[in-house]
Every structure is written in structure tokens, then in C-alpha cells.
Amino acid sequence: MRGGGIVVVGDALLDVDVVGTATRLSPDGPVPVLDVSSRTTRAGGAGLVAAMLALDGTAVRLVTALSDDAGADDLRRALGTVPVVAGDLRAGTPTKTRVRAEGGHAIARVDDHCGAAPEPLVTDEMVDAVLSADAVVVADYGRGLTGVQRLREALRQVAERGTPVVWDPHPKGSPPVVGCTVVTPNQGEASALHGSVVGDVASAGAVAGDLRDRWQVGAVAVTLGARGAVLATAGPDGVPAHVPAPSVDSADPCGAGDRLASALAVALHGGSSLDEALATAVRSAAWFLGAGGVAVLDLEALRSGTDAGSEPAPPAPVALPGVDALAVARRVRAEGGTVVATGGCFDLLHAGHARTLAGARALGDCLVVCLNSDESVTRLKGPERPIMSQGDRVDLLLALECVDAVVVFDEDTPHAVLDRVRPDLWVKGGDYTADTLPEASLVAGWGGRTVTVPFHPGRSTTRLASALERVG
């Protein structure tokens, strides 16, 4: 029954953002009057996780419970082409409306149908979808779906057979099923679920270990916002691992936990170890927020994509940064800037790489690096390569001030990822010529240009690797 891609299980919400100008107070009382300039509707909760995966190009299905009211119609429209397998919610569609003044200042949040509700009805089709999953994300928003016993039994079976199960918990939700791969509470959720205050990295590690033992799961990762995450596994030393987050500017953390859970599931599905997958997911969440968060999601692409009844695209092999790189490119393009991209394996980063990257960045307003995955490098360079894992290569590239985003691709050429990023400039080192690069005609197809930057002879990864081998 396998081959179902990534299945997102959980409570789907309807999120509404109302934005306007507030320049005066109401004569009826000391409250601001909002002149509405925009009203945006999107899927929230488990629906947002599924939407993110779909926009990443991942084969995904959403298993949830829906109402038959107008809110559910809005929610289905917001989900667009995401395949939905739904039972009866037996209550109104939970809707969260955020009212803001332009500039991001929050005025109020209005919740509809967010109180206690009867247990949703779970169908055979929902159970079958879960059992067919290649990986599962459980997005529990405390609405009762994850407490339905027959659904929990299906999730337990999936976890028991070794399928990656990422469980994003809620203080009012149900405990994770035994055997989950990893549970991802944030700092506040971990405090509420454990019954103690999580105030720093040390206390997060202790709480993560206790929760892991209590729930009998493979690992617990407590996310700490700008401080990254702390991972407690059942390893031999039992010492929690701290995964730092890149420093980004973001005023609105909405969607960070959903981005992390979705990226974590895809990385695990792609074969990454848990610590590598979490590092990838932390970076992905940070860069997602730094690029603008939910505000930059291309919801129109979701609504106008291919028919939801058609065969899903193959799962994206690598979690990171696809949507983040696209968001960076969209933001720069919207501001009238120039999007620059370059690509390669970047195994054993050396001075020639650094100079090429700096030269590429100087040509525009952002630099997106298209990075060959480990599997791609092995096919291109041989079984002894890469020397460094893609996670380490991503970390080193993002540590460079000239690199704004990294997107990992699994193919032998960057053609597919270039077609998604669509840079204004595609840059390679001067050991190539622009007219002989195989990507040149592709880039020209959307009006972009291919250019080269000065080549620095005498510096190569192969030569460095040989030298290190002689020294060793």
C-alpha cells in the first residue's frame, strides 16, 4: 500500500488576514478604525503544511476533517490543487482572522468555531491514505482528529514499520503515538506539555529527554525560535544536541513550525539522518521567515496548478530551501532588483569558490546557489565523493555573506531548479564560456542572461583532496 508520497494528517483551519490603514479612533470608543485595503484567505494548520509541501513540488495529500459550511468552501479553494481526503468535522470550520494595520501592527484576532467540538468522523479512505504514506506529518491543532482511535492505530502501524512520522503537537491535542520518528514542540508547547518552564537550551534538552521517554518516541526536538532547536534521541550517550538557527530579520513567526515540520519530513523521506534533517529543517524555517514567511507564499500558483485529480509529481528529494530560495527571488524581483544564481557541487569550499561567489553576488541584489545533492555529486564525481555532506556544504555556503539562499537539487544538471528560480543572471566561473554553457539557452528562454566571472587557476577541489590524502 506504499507509494502515497507525504501525507499530512491533522486539523485544517481557515486563516484570514485583514490589512488596512488605521489613522483615527472610533467616536464610539477608544479603538482604531481600520480602512481595509486587502483581505487574504489561506489554509492554516495542517492545511498550511500541505500547501507548503505542494508549493515545494512534493507529492502530498491532506488527511483531515471538514465541515459543509461556507468556511469549508473557502478552505478548499485555498488548498487549490492539494488532494484532500476528508471526513466529517461535525462542527463549523475553525477560522482565525488577524486584523492588522499596514506595516504589520496587530490590532485584533477574531476566532470563529474554535471552541470545543465533537469528535470528527474518520473514514476508511482516510485510514487507507495514512497506511499508504511514504512519510507522515501530523499537524495537531487540538481539534480532536488525532485522538480518534482508528486513525491513531493507522498512525501507529505506519510508525511501527519504520516510515518517517513527524508529529507537531499541541497542548490541547492528543499525545503522539508510540514509535514516532520525532516530535517537534516549540518552547511554549514543550513547557505546557511537560509542566515546567523551558527557558534556555539546557532546560529544553532536559524536557526533550523526559518527553521522549514519556511518549516512547524516537526523538523530541524542542524548537527555540532564533536559538534553533534542541534534539533529544535515544542515542548511547543521551546528550541532547543543539542545532543553531541562522540569524534572520522577521517580525512575524507565523508558519515557522509548519515550515520546520514539512522540511523535516521531506529530508527524512529523502534519506537524511535525523540530526542532518533537523539542521536542514531549522535552516529552512529561518530562511522562510527571513524571506517574508506566509506573506510570500505563492498561493495563486497553488490554486491554478495542475488538476488535483492527476498523478502527483514525484516527491522532492531534498527538503531545504526550495521554497525559501524562490521566496528570496520573488521578494527581490518584486522590489525591482536583479536575481543572480550560480551552481555546482562546492565540495571542499576553497578560495576560488569564495571569489566566484562574491563576484556573482556583486552582479545583482541576491545570490541563489543551486547545489548538487550528495547523490548527484556521487553520480558526477564517483563513489568517493562528496567529501562533505550536503548539510555541511549548505552550512558553509550560507555562512558566506555573499550567499542569500541555497537550493539543493538531485538531478545531474540544474535545469529543473533553474526553471523554478528563473534568475535574471546565471553565473559560472570563467573556465566556461557563456555561449557553451548548456544552461544558456534555457536561461535565455525567460529573458535571462548567462555570464562568467574571472576564473582563478590552480584552485580545485580535486587538487585539494589529493593533497589532503597525501598529507594524511
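Me: I'd like to start with accessibility. How does Asp-111 count at its relative accessibility?

Reply: Good place to begin, and keep in mind that this is a predicted model. Asp-111 has a relative accessibility of 35%, and that makes it partly exposed. The class follows because buried means under 20% and exposed over 50%.

Me: Which residue forms a salt bridge with Asp-111?

Reply: The general idea comes first: side chains of opposite charge can pair when their charged atoms come close. In this case the partner of Asp-111 is Arg-109, with 2.8 Å between the closest N and O atoms.

Me: How many salt bridges does the structure hold?

Reply: The count is 15. Let's look at a few of them.

Me: Which parts does the pair of Asp-412 and Arg-379 tie together?

Reply: Begin with the contact itself: a salt bridge joins the side chains of Asp-412 and Arg-379, at 2.8 Å from N to O. Arg-379 belongs to helix 12 (residues 374-381), while Asp-412 sits in the loop between strand 16 (405-409) and helix 14 (415-421), so the bridge links parts that are 33 residues apart in sequence. Asp-412 is partly exposed at 42% relative accessibility, and Arg-379 is partly exposed at 47%.

Me: How far apart are the closest N and O atoms of Arg-422 and Asp-419?

Reply: They are 3.0 Å apart, and the two residues form a salt bridge. Arg-422 is partly exposed, at 39% relative accessible area, and Asp-419 counts as partly exposed too, at 36%. Salt bridges can also share partners: Asp-17, Arg-42 and Arg-98 are joined into one network in that way.

Me: Now cysteines. How many disulfides does the structure hold?

Reply: Zero. You can still read the setting of individual cysteines. Cys-366 is buried, with 1% relative accessible area, and Cys-370 is buried at 0%.

Me: Let me turn to helices. Where do the buried residues of helix 2 fall when seen down its axis?

Reply: First list them: Gly-71, Ala-72, Leu-75, Ala-78 and Leu-79 are the buried ones in helix 2, which covers residues 70-79. Looking down the axis, you find these buried residues within an arc of 120°, so they line one face of the helix. Ala-70 and Arg-77, on the other side, are exposed. Right after helix 2 comes Gly-80, with a positive phi near 55°.

Me: Which residues other than glycine have a positive phi?

Reply: Two examples are Arg-90, with phi near 60°, and Leu-348, with phi near 55°. Each sits in a loop. Arg-90 is between strand 5 (84-88) and strand 6, and Leu-348 is between strand 14 (339-344) and helix 11 (351-361). Their accessibility classes are worth a look as well: Arg-90 is partly exposed at 43%, whereas Leu-348 is buried at 16%.

Me: And peptide bonds: is the one that joins Arg-385 and Pro-386 cis or trans?

Reply: It is cis, with omega at about 5°. Pro-386 lies in the loop between helix 12 and helix 13 (390-399).

Me: How far apart are the C-alpha atoms of Arg-333 and Asp-424?

Reply: They are 9.1 Å apart, although 91 residues separate the two along the chain. Arg-333 is part of helix 10 (residues 322-334) and is partly exposed at 34% relative accessibility.

Me: Last topic, empty space. What is the volume of the largest pocket?

Reply: The general idea is that rolling a probe the size of a water molecule over the atoms shows where empty space is left. Here the largest pocket has a volume of about 1,000 Å³. It is lined by 42 residues, and the closest to its centre are Pro-253, Cys-254, Gly-255, Ala-256 and Gly-257. Among the elements giving two or more residues to this lining are strand 2 (12-25), helix 7 (256-269) and helix 8 (274-290). By type, the lining of the largest pocket has 19 nonpolar, twelve polar and eleven charged residues.

Me: How many cavities of 30 Å³ or more are there?

Reply: There are two. The second largest has a volume of about 40 Å³, and its lining includes Asp-11, Thr-64, Leu-89 and Arg-143. That lining divides into four nonpolar, one polar and two charged residues.

Key: Residues numbered from 1 in each chain as written. Predicted model: local features only at pLDDT ≥ 70, side-chain atom pairs only at ≥ 80, totals over all residues. Heavy atoms only, no water. Buried < 20%, exposed > 50% of the residue type's maximum accessible area, 1.4 Å probe, protein only. Helix = DSSP H or I, 4+ residues; strand = E, 2+ residues; numbered from the N terminus. Arc of directions from axis to C-beta. Disulfide = S-S within 2.5 Å. Salt bridge = Lys/Arg side-chain N within 4 Å of Asp/Glu carboxyl O. 1 Å grid on protein atoms, 1.4 Å probe; cavity = no way out; pocket = protein on both sides within 12 Å on 5 of 7 lines; lining within 4 Å. Points joined across faces, edges and corners; volume = space filled by probe spheres on them. Nonpolar A, V, L, I, M, F, W, Y, C, P; charged D, E, K, R; others polar.
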